[in-house]
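Please open the model in your viewer and keep the selection tool at hand. The stops below are meant to be taken in order.

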Amino acid sequence: MEYIDIEGMSDEEVDGRIREIKARLGSRVFMPVHHYQRDEIVQFADVTGDSLQLSRVSAKTDAEFIVFCGVYFMAEIARILAPPDKHVFIPDKYAGCPLADYASIDDVLKVWEHLDHDDFIPITYANSHAEIKAFCGENNGLVCTSSNAAKLFNWVLGNLKKVFFLPDVNLGINTSEALGLKDYTIVDGSTSDFSGINDKNVVIWNGNCPIHRVFTIDHVRYWREKEPEAKIIVHPECTPDVVKVSDMTGSTAGIKRAVEDSPAGSRWVIGTELNFVERLKRQNPDKFIAPLEDSICMNMSKIRRRKLLKTLIRIENGDYSEEVVVSSEISEKARIAINRMLELS
Ligand code: SF4
């Protein structure tokens, strides 16, 4: 096997090697890349998207190797949806999601014991561990993303059931408030008082995304004064007070669409991950676009060109030791919850 000094190579040499290997592998390799990735990775994307879009394409690809450039729970979703003979990789297995880490299966099961199982349907945001998705699949529940959360809450409530929502408190409250639901309560692994919990229509897990909780009402005030003509659009993982004083909320794909569909000269201030906002800015030079505040997801940013090259070299050498593995038991149950979402959205 040829020794390659990847660390000693220039960025251009690394990019050249990635292109060569991708070209040699051709349609055998497929690279879905999340919108929050750095440009150095986006340049190699076969498709870019948010988690819902990437879940859909990962389920349909014929490629033998899926190299998922995002965070670990996304690579897990690709693994769960892809046929068993496919191999799924992520260039850095330590690119986790702090929001997902808020809900461990042990803590969730402790709370679940106190809920009326005939009434409550668990919904987990896609930003969760595979075990939580499996728990939902096993209990007539489903997965959601920020673009379809309201629709899936309505589906549960329309079936005269109640929502047990995991793990993002902000998305849970923002979705409930948008639907006019005020009788929600918040729980987590430390909750000890469950009195009256089964009278609530929505029970929400107390996790949050450190990247989106950075935005404050003061940031909104600052931009209102500085750019009074600008529309302020924020992701629903932002805190409810920020959502309330903003003009609009949108999922990552929704924000992209709103900006791209707006006329030349439009002015936008955007409250979401910085890599994505900066790219939108470059792609829409005829519009004013500014981040509500600089907030980078360091986990998304762990995926770098040299790690990608190492992954592709391993694939070419037939070394699958680093592939993403989800047990068949967890996969089967989680797939039920993900497919329910895909059918309903
Ligand atoms: S932006 Fe937030 S929710 Fe998304 S991967 Fe990073 S930590 Fe997780």
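The tour goes from the ligand to a serine and then to aromatic rings.

This is a predicted model, in which local features need pLDDT of at least 70 and side-chain atom pairs count only at pLDDT 80 or more, while totals for chains, interfaces and linings use all residues. Residues are numbered from 1 along each chain as its sequence is written, and side-chain values use heavy atoms, with hydrogens and water left out.

Begin with the ligand and select the residues around it, which are Y36, V71, C97, P98, L99, N127, C209, I211, E237 and C297 (each has a heavy atom within 4 Å of the ligand).

Next, select S128, which lies in the loop between β6 (120-125) and α7 (130-138) (helices are DSSP runs of H or I with at least four residues, strands runs of E with at least two, numbered from the N terminus). S128 has a relative accessible area of 1% and is therefore buried (under 20%, with over 50% exposed and partly exposed in between, for a 1.4 Å probe and protein chains only). The side chain of S128 reaches the backbone oxygen of Y125 at 2.8 Å.

Now return to Y36 and add F276, which form a tilted aromatic pair at 6.2 Å centre to centre, with 50° between the planes (rings of Phe, Tyr and Trp, the last by its six-membered ring, pair if their centres lie within 6.5 Å; planes under 30 degrees apart count as stacked, over 60 as edge-to-face and the rest as tilted). The two residues are 240 apart in the chain, with F276 in helix α13 (residues 274-283), and both Y36 and F276 are buried.

Finally, select W112, F135, F164 and W205, which form one aromatic cluster.

Conventions
Polar contact = N/O pair within 3.5 Å; in protein donor to acceptor, adjacent residues only side chain to side chain.
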